[in-house]
Amino acid sequence: MSRRMLDRLMPCATLWLALGLPAAYAQCPPAAWTPDALQRLKADGWKLEDASQRQTLATALLPCLADAKPQLRDGIAFEGLSAWLRGKQLTPTTQLAIYQSQLALLASQAPDEEGFAKPFAALVLSEVARADRLVPFLAPPERAALVEAGADYLSRITDYRGFATGQGWRHAVAHAADLMLQLTLNPAVDATQLQRMLRAVQVQVAPPGEHFYIYGEGDRLARPVVYAARRGLLDTNFWNTYIANLASPAPMKSWDDAFNTQAGLARLHNTKAFL
(Lines give C-alpha, C1' and ligand atoms only; values in the text may rest on other atoms or scores of the structure.)
Protein backbone atom coordinates (compact mmCIF):
# COMPACT_ATOMS: atom_id res chain seq x y z
CA MET A 1 0.00 0.00 0.00
CA SER A 2 1.42 3.39 -0.97
CA ARG A 3 2.38 6.14 1.49
CA ARG A 4 -0.12 8.44 -0.24
CA MET A 5 -2.92 5.99 0.33
CA LEU A 6 -1.99 5.49 3.99
CA ASP A 7 -2.00 9.24 4.50
CA ARG A 8 -5.52 9.44 3.07
CA LEU A 9 -6.88 6.49 5.01
CA MET A 10 -5.27 6.84 8.43
CA PRO A 11 -7.15 9.82 9.92
CA CYS A 12 -10.55 8.24 9.34
CA ALA A 13 -9.45 4.67 9.95
CA THR A 14 -7.78 5.62 13.24
CA LEU A 15 -10.94 7.34 14.42
CA TRP A 16 -13.32 4.49 13.57
CA LEU A 17 -11.04 1.71 14.80
CA ALA A 18 -10.15 3.51 18.01
CA LEU A 19 -13.77 4.15 18.86
CA GLY A 20 -14.95 0.65 18.04
CA LEU A 21 -18.27 -0.09 16.41
CA PRO A 22 -20.71 0.76 19.21
CA ALA A 23 -19.21 4.15 20.05
CA ALA A 24 -18.87 5.13 16.42
CA TYR A 25 -22.60 4.78 15.92
CA ALA A 26 -23.76 6.87 18.89
CA GLN A 27 -24.97 9.90 16.93
CA CYS A 28 -27.94 8.78 14.90
CA PRO A 29 -29.92 10.61 13.69
CA PRO A 30 -27.57 13.59 13.26
CA ALA A 31 -28.04 16.27 15.90
CA ALA A 32 -29.38 18.83 13.43
CA TRP A 33 -31.99 16.47 11.94
CA THR A 34 -34.97 14.81 13.56
CA PRO A 35 -36.31 11.52 12.18
CA ASP A 36 -39.39 13.39 10.96
CA ALA A 37 -37.24 15.91 9.09
CA LEU A 38 -35.29 13.10 7.45
CA GLN A 39 -38.52 11.38 6.45
CA ARG A 40 -39.74 14.62 4.84
CA LEU A 41 -36.46 14.91 2.96
CA LYS A 42 -36.89 11.33 1.74
CA ALA A 43 -40.48 12.01 0.65
CA ASP A 44 -39.17 14.99 -1.33
CA GLY A 45 -36.78 12.76 -3.27
CA TRP A 46 -33.71 13.73 -1.22
CA LYS A 47 -33.72 17.21 -2.76
CA LEU A 48 -31.38 19.43 -0.79
CA GLU A 49 -30.52 22.53 -2.76
CA ASP A 50 -27.75 23.70 -0.44
CA ALA A 51 -24.80 21.66 -1.75
CA SER A 52 -22.71 22.28 1.36
CA GLN A 53 -25.54 21.12 3.61
CA ARG A 54 -25.94 18.01 1.45
CA GLN A 55 -22.27 17.07 1.87
CA THR A 56 -22.46 17.60 5.61
CA LEU A 57 -25.60 15.52 5.96
CA ALA A 58 -24.17 12.71 3.81
CA THR A 59 -21.26 12.16 6.18
CA ALA A 60 -23.48 12.76 9.23
CA LEU A 61 -25.72 9.88 8.13
CA LEU A 62 -22.89 7.34 8.15
CA PRO A 63 -23.44 6.29 11.79
CA CYS A 64 -27.06 5.44 10.90
CA LEU A 65 -25.87 2.67 8.59
CA ALA A 66 -25.38 0.55 11.72
CA ASP A 67 -28.51 1.64 13.57
CA ALA A 68 -30.80 -1.12 14.83
CA LYS A 69 -33.85 0.68 13.43
CA PRO A 70 -34.39 -0.36 9.79
CA GLN A 71 -36.22 2.89 9.08
CA LEU A 72 -33.03 4.83 9.86
CA ARG A 73 -30.46 2.31 8.66
CA ASP A 74 -31.95 1.16 5.38
CA GLY A 75 -34.78 3.58 4.74
CA ILE A 76 -32.90 6.79 5.50
CA ALA A 77 -29.11 6.40 5.62
CA PHE A 78 -28.61 3.93 2.79
CA GLU A 79 -31.38 5.26 0.56
CA GLY A 80 -30.21 8.84 0.97
CA LEU A 81 -26.56 8.06 0.32
CA SER A 82 -27.46 5.89 -2.65
CA ALA A 83 -29.68 8.57 -4.16
CA TRP A 84 -27.00 11.25 -3.85
CA LEU A 85 -24.22 9.00 -5.12
CA ARG A 86 -26.27 7.87 -8.11
CA GLY A 87 -27.40 11.42 -8.76
CA LYS A 88 -23.75 12.62 -8.73
CA GLN A 89 -24.62 15.09 -6.00
CA LEU A 90 -21.70 14.35 -3.71
CA THR A 91 -18.26 15.87 -4.17
CA PRO A 92 -15.14 13.71 -4.54
CA THR A 93 -14.12 14.84 -1.06
CA THR A 94 -17.40 13.58 0.41
CA GLN A 95 -17.23 10.35 -1.57
CA LEU A 96 -13.70 9.79 -0.31
CA ALA A 97 -14.81 10.37 3.29
CA ILE A 98 -17.55 7.75 2.86
CA TYR A 99 -15.04 5.36 1.30
CA GLN A 100 -12.51 5.87 4.09
CA SER A 101 -14.94 5.41 6.96
CA GLN A 102 -16.72 2.37 5.57
CA LEU A 103 -13.52 0.69 4.38
CA ALA A 104 -12.02 1.07 7.85
CA LEU A 105 -15.19 -0.38 9.35
CA LEU A 106 -15.28 -3.32 6.93
CA ALA A 107 -11.67 -4.18 7.74
CA SER A 108 -12.08 -3.70 11.49
CA GLN A 109 -11.80 -6.67 13.83
CA ALA A 110 -14.14 -4.98 16.33
CA PRO A 111 -17.24 -7.06 17.15
CA ASP A 112 -20.45 -6.40 15.23
CA GLU A 113 -22.81 -8.30 17.48
CA GLU A 114 -25.99 -6.79 16.08
CA GLY A 115 -24.78 -7.70 12.62
CA PHE A 116 -25.88 -4.53 10.81
CA ALA A 117 -22.73 -2.42 10.61
CA LYS A 118 -20.51 -4.39 8.27
CA PRO A 119 -23.21 -5.59 5.85
CA PHE A 120 -24.34 -2.01 5.36
CA ALA A 121 -20.77 -0.79 5.08
CA ALA A 122 -20.38 -3.29 2.23
CA LEU A 123 -23.64 -2.15 0.65
CA VAL A 124 -22.81 1.55 0.70
CA LEU A 125 -19.31 0.75 -0.55
CA SER A 126 -20.95 -0.94 -3.53
CA GLU A 127 -22.53 2.44 -4.31
CA VAL A 128 -19.18 4.14 -3.84
CA ALA A 129 -17.59 1.60 -6.19
CA ARG A 130 -20.32 2.30 -8.74
CA ALA A 131 -19.72 6.04 -8.52
CA ASP A 132 -15.98 5.49 -8.95
CA ARG A 133 -16.60 3.27 -11.97
CA LEU A 134 -18.64 5.97 -13.70
CA VAL A 135 -16.52 8.98 -12.67
CA PRO A 136 -13.22 7.75 -11.18
CA PHE A 137 -12.12 9.45 -7.98
CA LEU A 138 -10.18 6.67 -6.24
CA ALA A 139 -6.47 6.25 -6.85
CA PRO A 140 -5.47 2.77 -8.07
CA PRO A 141 -4.10 1.73 -4.65
CA GLU A 142 -7.34 2.86 -3.00
CA ARG A 143 -9.40 0.85 -5.46
CA ALA A 144 -7.11 -2.13 -4.88
CA ALA A 145 -7.65 -1.78 -1.13
CA LEU A 146 -11.40 -1.87 -1.72
CA VAL A 147 -11.07 -5.06 -3.77
CA GLU A 148 -8.99 -6.69 -1.06
CA ALA A 149 -11.11 -5.55 1.89
CA GLY A 150 -14.34 -6.52 0.14
CA ALA A 151 -13.07 -9.95 -0.90
CA ASP A 152 -11.63 -10.60 2.55
CA TYR A 153 -14.90 -9.61 4.22
CA LEU A 154 -16.98 -11.80 1.91
CA SER A 155 -14.66 -14.75 2.56
CA ARG A 156 -14.96 -14.39 6.34
CA ILE A 157 -18.73 -13.98 6.70
CA THR A 158 -20.30 -16.43 9.15
CA ASP A 159 -23.48 -14.47 9.96
CA TYR A 160 -26.06 -15.62 7.43
CA ARG A 161 -29.08 -13.77 8.81
CA GLY A 162 -31.16 -12.21 6.03
CA PHE A 163 -34.42 -10.49 6.92
CA ALA A 164 -36.04 -10.40 10.36
CA THR A 165 -39.40 -8.86 11.16
CA GLY A 166 -38.92 -5.67 13.14
CA GLN A 167 -35.19 -5.65 12.44
CA GLY A 168 -35.06 -5.51 8.67
CA TRP A 169 -32.14 -6.70 6.59
CA ARG A 170 -28.65 -7.81 7.46
CA HIS A 171 -27.94 -9.86 4.32
CA ALA A 172 -24.15 -9.79 4.61
CA VAL A 173 -23.44 -12.24 1.77
CA ALA A 174 -25.70 -10.44 -0.70
CA HIS A 175 -24.38 -6.99 0.20
CA ALA A 176 -20.77 -8.11 -0.11
CA ALA A 177 -21.62 -9.73 -3.45
CA ASP A 178 -23.05 -6.40 -4.62
CA LEU A 179 -19.70 -4.79 -3.84
CA MET A 180 -17.92 -7.52 -5.82
CA LEU A 181 -20.28 -6.88 -8.74
CA GLN A 182 -19.60 -3.15 -8.93
CA LEU A 183 -15.86 -3.73 -8.75
CA THR A 184 -16.04 -6.50 -11.35
CA LEU A 185 -17.75 -4.11 -13.78
CA ASN A 186 -14.95 -1.57 -13.44
CA PRO A 187 -12.50 -1.76 -16.38
CA ALA A 188 -9.75 -0.50 -14.07
CA VAL A 189 -9.96 -3.78 -12.10
CA ASP A 190 -7.50 -6.27 -13.56
CA ALA A 191 -7.51 -10.04 -14.03
CA THR A 192 -5.65 -10.75 -10.78
CA GLN A 193 -8.17 -8.70 -8.84
CA LEU A 194 -11.04 -10.47 -10.59
CA GLN A 195 -9.63 -13.82 -9.51
CA ARG A 196 -9.32 -12.59 -5.92
CA MET A 197 -13.00 -11.62 -5.85
CA LEU A 198 -14.17 -14.77 -7.61
CA ARG A 199 -12.44 -16.95 -5.04
CA ALA A 200 -14.16 -15.00 -2.30
CA VAL A 201 -17.51 -15.64 -3.99
CA GLN A 202 -16.66 -19.34 -4.23
CA VAL A 203 -16.23 -19.54 -0.43
CA GLN A 204 -19.83 -18.44 0.10
CA VAL A 205 -21.63 -20.31 -2.68
CA ALA A 206 -22.19 -23.26 -0.34
CA PRO A 207 -20.64 -22.44 3.03
CA PRO A 208 -19.98 -25.16 5.61
CA GLY A 209 -22.80 -26.02 7.94
CA GLU A 210 -26.56 -26.32 7.70
CA HIS A 211 -27.60 -22.88 6.46
CA PHE A 212 -29.97 -22.82 3.47
CA TYR A 213 -29.96 -19.56 1.52
CA ILE A 214 -33.55 -18.33 1.16
CA TYR A 215 -33.14 -14.61 0.43
CA GLY A 216 -31.77 -14.66 -3.11
CA GLU A 217 -28.13 -14.95 -2.11
CA GLY A 218 -27.40 -17.32 -5.01
CA ASP A 219 -28.55 -14.73 -7.54
CA ARG A 220 -26.47 -12.00 -5.95
CA LEU A 221 -23.37 -14.21 -5.79
CA ALA A 222 -23.79 -15.23 -9.43
CA ARG A 223 -23.79 -11.68 -10.80
CA PRO A 224 -20.11 -10.84 -10.27
CA VAL A 225 -19.18 -14.25 -11.67
CA VAL A 226 -21.24 -13.71 -14.84
CA TYR A 227 -19.87 -10.22 -15.39
CA ALA A 228 -16.32 -11.32 -14.66
CA ALA A 229 -16.71 -13.91 -17.42
CA ARG A 230 -18.00 -11.22 -19.78
CA ARG A 231 -14.87 -9.16 -19.16
CA GLY A 232 -12.93 -11.80 -21.14
CA LEU A 233 -9.78 -11.44 -19.02
CA LEU A 234 -9.72 -14.97 -17.61
CA ASP A 235 -8.90 -17.96 -19.77
CA THR A 236 -10.80 -21.21 -20.31
CA ASN A 237 -8.55 -23.14 -17.95
CA PHE A 238 -9.42 -20.81 -15.11
CA TRP A 239 -13.15 -21.15 -15.73
CA ASN A 240 -13.04 -24.93 -16.17
CA THR A 241 -11.29 -25.28 -12.82
CA TYR A 242 -13.55 -22.73 -11.14
CA ILE A 243 -16.80 -24.38 -12.21
CA ALA A 244 -15.45 -27.86 -11.50
CA ASN A 245 -14.60 -26.84 -7.95
CA LEU A 246 -18.05 -25.33 -7.45
CA ALA A 247 -19.76 -28.44 -8.78
CA SER A 248 -17.65 -30.84 -6.72
CA PRO A 249 -19.49 -32.66 -3.91
CA ALA A 250 -16.33 -32.69 -1.75
CA PRO A 251 -15.93 -33.38 1.09
CA MET A 252 -18.74 -35.82 0.26
CA LYS A 253 -17.85 -38.69 -2.03
CA SER A 254 -20.83 -38.00 -4.28
CA TRP A 255 -23.89 -35.77 -4.42
CA ASP A 256 -25.98 -38.82 -3.49
CA ASP A 257 -24.47 -38.50 -0.02
CA ALA A 258 -26.08 -35.07 0.34
CA PHE A 259 -29.40 -36.70 1.13
CA ASN A 260 -28.03 -38.25 4.32
CA THR A 261 -27.32 -35.09 6.32
CA GLN A 262 -28.74 -31.61 6.80
CA ALA A 263 -25.37 -30.10 5.94
CA GLY A 264 -25.28 -32.12 2.72
CA LEU A 265 -28.76 -30.99 1.78
CA ALA A 266 -27.80 -27.37 2.44
CA ARG A 267 -24.73 -27.73 0.24
CA LEU A 268 -26.80 -29.28 -2.55
CA HIS A 269 -29.53 -26.61 -2.28
CA ASN A 270 -27.11 -23.68 -2.22
CA THR A 271 -24.92 -24.99 -5.04
CA LYS A 272 -27.91 -25.70 -7.32
CA ALA A 273 -29.37 -22.25 -6.60
CA PHE A 274 -26.09 -20.59 -7.58
CA LEU A 275 -25.52 -22.67 -10.71
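**Entry 1: before starting**

Helices (H or I, at least four residues) and strands (E, at least two) are DSSP runs, numbered from the N terminus. I keep that beside me for labels such as β2 and α8. I also note that this is a predicted model.

**Entry 2: His171 and Trp46**

I started with backbone angles. Where does His171 sit? I found His171 in the loop between β2 (168-169) and α8. His171 is not a glycine, yet its phi is positive, about 60 degrees. Is His171 buried or exposed? I get a relative accessible area of 5% for His171, so I write it down as buried, the cut-off being under 20%.

Trp46 went on the list next. This residue, also not a glycine, has a positive phi of about 60 degrees. I place Trp46 in the loop between α2 and α3 (51-60). The relative accessible area of Trp46 is 6%, so Trp46 is buried.

**Entry 3: cis peptide bonds**

I looked up two cis bonds. Cys28 and Pro29 are joined by one, with omega about 0 degrees. Pro29 belongs to the loop that runs between α1 (3-24) and α2.

Ala250 and Pro251 also share a cis peptide bond, and here omega is about 10 degrees. I find Pro251 in the loop between α11 (236-247) and α12 (262-274).

**Entry 4: α2 against α4**

From the loops I moved to helix pairs. At what angle do α2 and α4 cross? The axes of α2 (residues 35-43) and α4 (residues 70-86) cross at roughly 45 degrees, coming within 11 Å of each other. I call the two helices oblique because of that angle. The crossing is left-handed.

Which residues touch? On the α2 side I list Leu38, Gln39, Leu41 and Lys42. On the α4 side I list Gln71, Gly75, Ile76, Glu79 and Trp84. Sorted by class, this contact has four nonpolar, three polar and two charged residues.

**Entry 5: α9 against α10**

A second pair, further along the chain. Helix α9 covers residues 191-205 and helix α10 covers residues 217-231. Their axes come within 10 Å and cross at roughly 150 degrees. Why do I write "roughly antiparallel" here? The angle is roughly 150 degrees, and anything over 145 counts as roughly antiparallel, so α9 gets that label with respect to α10. The crossing of α9 past α10 is left-handed.

I wrote out the contact residues too. From α9 come Leu194, Leu198, Val201, Gln204 and Val205. From α10 come Leu221, Pro224, Val225, Ala228 and Arg231. I sort them into eight nonpolar, one polar and one charged.

**Entry 6: salt bridges**

How many salt bridges are there? The count comes to eight. I looked up some of them in detail, beginning with Asp132 and Arg143.

The side chains of Asp132 and Arg143 meet at 2.6 Å, N to O. Asp132 is in helix α6 (residues 117-134) and Arg143 is in helix α7 (residues 140-156), eleven residues apart. Both Asp132 and Arg143 are buried.

Helix α7 comes up again with Glu148. Glu148 pairs with Arg196, and the closest N and O atoms are 3.0 Å apart. Since Glu148 lies in α7 and Arg196 in α9, this bridge ties together parts that are 48 residues apart in sequence. Glu148 counts as partly exposed at 39% relative accessibility, and Arg196 is partly exposed too, at 26%. α9 is the helix I had already met in its contact with α10.

Then there is Asp67 with Lys69. Their closest N and O atoms are 3.9 Å apart, and the rule allows a salt bridge within 4 Å, so the pair counts. Are the two partners buried or exposed? I put Asp67 down as buried, with a relative accessible area of 11%. Lys69 comes out as partly exposed, at 48%.

**Entry 7: Asp178**

Last lookup, back to α8. Asp178 is in that helix, which covers residues 172-184. With a relative accessible area of 13%, Asp178 is buried. What does Asp178 contact beyond its neighbours within four places in sequence? I find Leu123, Ser126 and Arg220.

Technical notes. Residues numbered from 1 in each chain as written. Predicted model: local features only at pLDDT ≥ 70, side-chain atom pairs only at ≥ 80, totals over all residues. Heavy atoms only, no water. Axes fitted to C-alpha atoms, helices over the stretch in contact; angles between N-to-C directions. Parallel < 35°, antiparallel > 145°, perpendicular 65-115°, else oblique. Left-handed = near helix turned anticlockwise from the far one by under 90°. Contact = heavy atoms within 4.5 Å. Nonpolar A, V, L, I, M, F, W, Y, C, P; charged D, E, K, R; others polar. Buried < 20%, exposed > 50% of the residue type's maximum accessible area, 1.4 Å probe, protein only.
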